[in-house]
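Good morning. Please have the sequence and the model open while I talk.

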Amino acid sequence: DAFRRVTGISALSSDDAQLLALLWWAGISIVGYVAFPLVAMKLFGLGRPRDVGVTLSGLASRLPAYSALLLVTMAAIAIAARSPSFQAVYPFYRPYELTMWKVVLYEAAYGAQFVALEFFFRGFLVHVPKRRFGALAVLVMVVPYCMIHFGKPMAETLAAAIAGVVLGTLAMKTRSIWSGVLIHVSVAI
C-alpha cells in the first residue's frame with residue numbers, strides 16, 4: 001500500500017504490482033542497509049568497507065564448516081516450513097502466473113537484499129561497535145536484528161537471536177560477512 005501511494009502505480013496486474021512492491025522493498029532495504037552506513041563511515045571516519053567485513057579473504061578454507069552449519073539450519077527450516085505460521089508468511093512472492101523472468105528478478109533482488117542485510121548487521125553493526133565494546137558488539141547487533149523479525153512467526157524471531165549471535169561471532173572472528181551471506185541467501189532460497 002505504501003508502495004502504491006509513493007509511486008502512484010495502481011493500474012498493474014496484481015502479479016506485477018506484487019513484484020514491483022517486493023522490488024521496491026528490496027531497493028529500500030539495500031539503500032538503508034548499505035548506502036546510509038557507507039555515508040556514515042565516510043563522514044565520521046569509521047573505516048572502509050573492508051574494515052567492516054567486505055572481504056573474501058579466507059572464505060574457501062571456511063566453506064566446510066559453514067556447509068555443516070547450513071545443514072543444521074536447513075534441517076530446522078524443513079521442520080519449521082510445515083508450520084501454518086510459517087506457511088502464512090512464506091514465500092513472500094506468490095504470483096498467480098509464475099514466469100521464469102519474474103522469479104529470477106525477484107530472487108536476484110531478494111538475494112541482494114540479504115547481502116545488504118549482512119553488510120549492515122554482521123558488518124557495520126559488529127565491526128564498528130567492536131572498537132568500543134569488543135565481543136559485546138555482537139549483542140548490540142542482535143537486538144535490532146531480532147526487531148526486524150517482529151511480526152514474523154515467534155520461532156523465527158527466537159531463531160534470529162541465535163543465528164544473529166552465531167553469524168555475528170563468526171563475522172567478528174573471520175572479519176568477513178561473506179560466509180553469513182552464503183548461509184542467509186541459501187536459507188532464504
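At 8% relative accessibility, Lys 102 counts as buried, because buried here means under 20% relative accessible area, exposed means over 50%, and partly exposed is in between, with a 1.4 Å probe and protein chains only. This is a predicted model, in which local features need pLDDT of at least 70, side-chain atom pairs count only at pLDDT 80 or more, and totals for chains, interfaces and linings use all residues. Residues are numbered from 1 along each chain as its sequence is written, and side-chain values use heavy atoms, with hydrogens and water left out.

What does the side chain of Lys 102 meet in a salt bridge? The partner is Asp 16, at 3.0 Å from N to O. Lys 102 lies in helix H5 and Asp 16 in helix H2, so the pair ties together parts that are 86 residues apart in sequence. Asp 16 is partly exposed, at 26% relative accessibility. A salt bridge is a side-chain nitrogen of Lys or Arg within 4 Å of a carboxyl oxygen of Asp or Glu. Helices are DSSP runs of H or I with at least four residues, strands are runs of E with at least two, and both are numbered from the N terminus.

By that rule the count comes to four salt bridges. One of them joins Asp 51 and Arg 48, at 3.5 Å from N to O. Asp 51 is partly exposed at 31%, and Arg 48 is partly exposed at 44%. Glu 156 forms another with Lys 152, where the closest N and O atoms are 3.9 Å apart. Glu 156 is buried, at 14%, whereas Lys 152 is partly exposed, at 28%.

Now the pocket. The largest pocket has a volume of about 1,400 Å³. Glu 156 is among the residues closest to its centre, together with Ile 77, Tyr 90, Val 187 and Ala 188, out of 43 that line it. A pocket is found on a 1 Å grid over the protein atoms alone: it is an open set of points where a 1.4 Å probe fits, with protein on both sides within 12 Å along at least five of seven lines, and lining residues have an atom within 4 Å of a point. Grid points are joined across faces, edges and corners, and the volume is the space filled by probe spheres set on the points.

Which helix gives the most to this lining? Helix H8 does, with eight residues. By class, the lining has 34 nonpolar, six polar and three charged residues. Nonpolar means Ala, Val, Leu, Ile, Met, Phe, Trp, Tyr, Cys and Pro; charged means Asp, Glu, Lys and Arg; the others, Gly among them, are polar.

H8 has 21 residues and reaches 30 Å from first C-alpha to last, close to the 30 Å expected at 1.5 Å a residue; the expected span is 1.5 Å times one less than the number of residues. Its buried residues include Glu 156, Thr 157 and Ala 160. These three also touch His 149, where contact means heavy atoms within 4.5 Å. His 149 sits in the loop between helix H7 and H8 and is buried, at 7%.

After H8 comes Arg 175, in the loop between H8 and H9. Its phi is near 60°, a positive value in a residue other than glycine. Arg 175 is exposed, at 55%.

Last, the peptide bond from Tyr 90 to Pro 91 is cis, with omega near -5°. Pro 91 is in the loop between H4 and H5.

How values were computed. Lists of a residue's contacts leave out its neighbours within four places in sequence.
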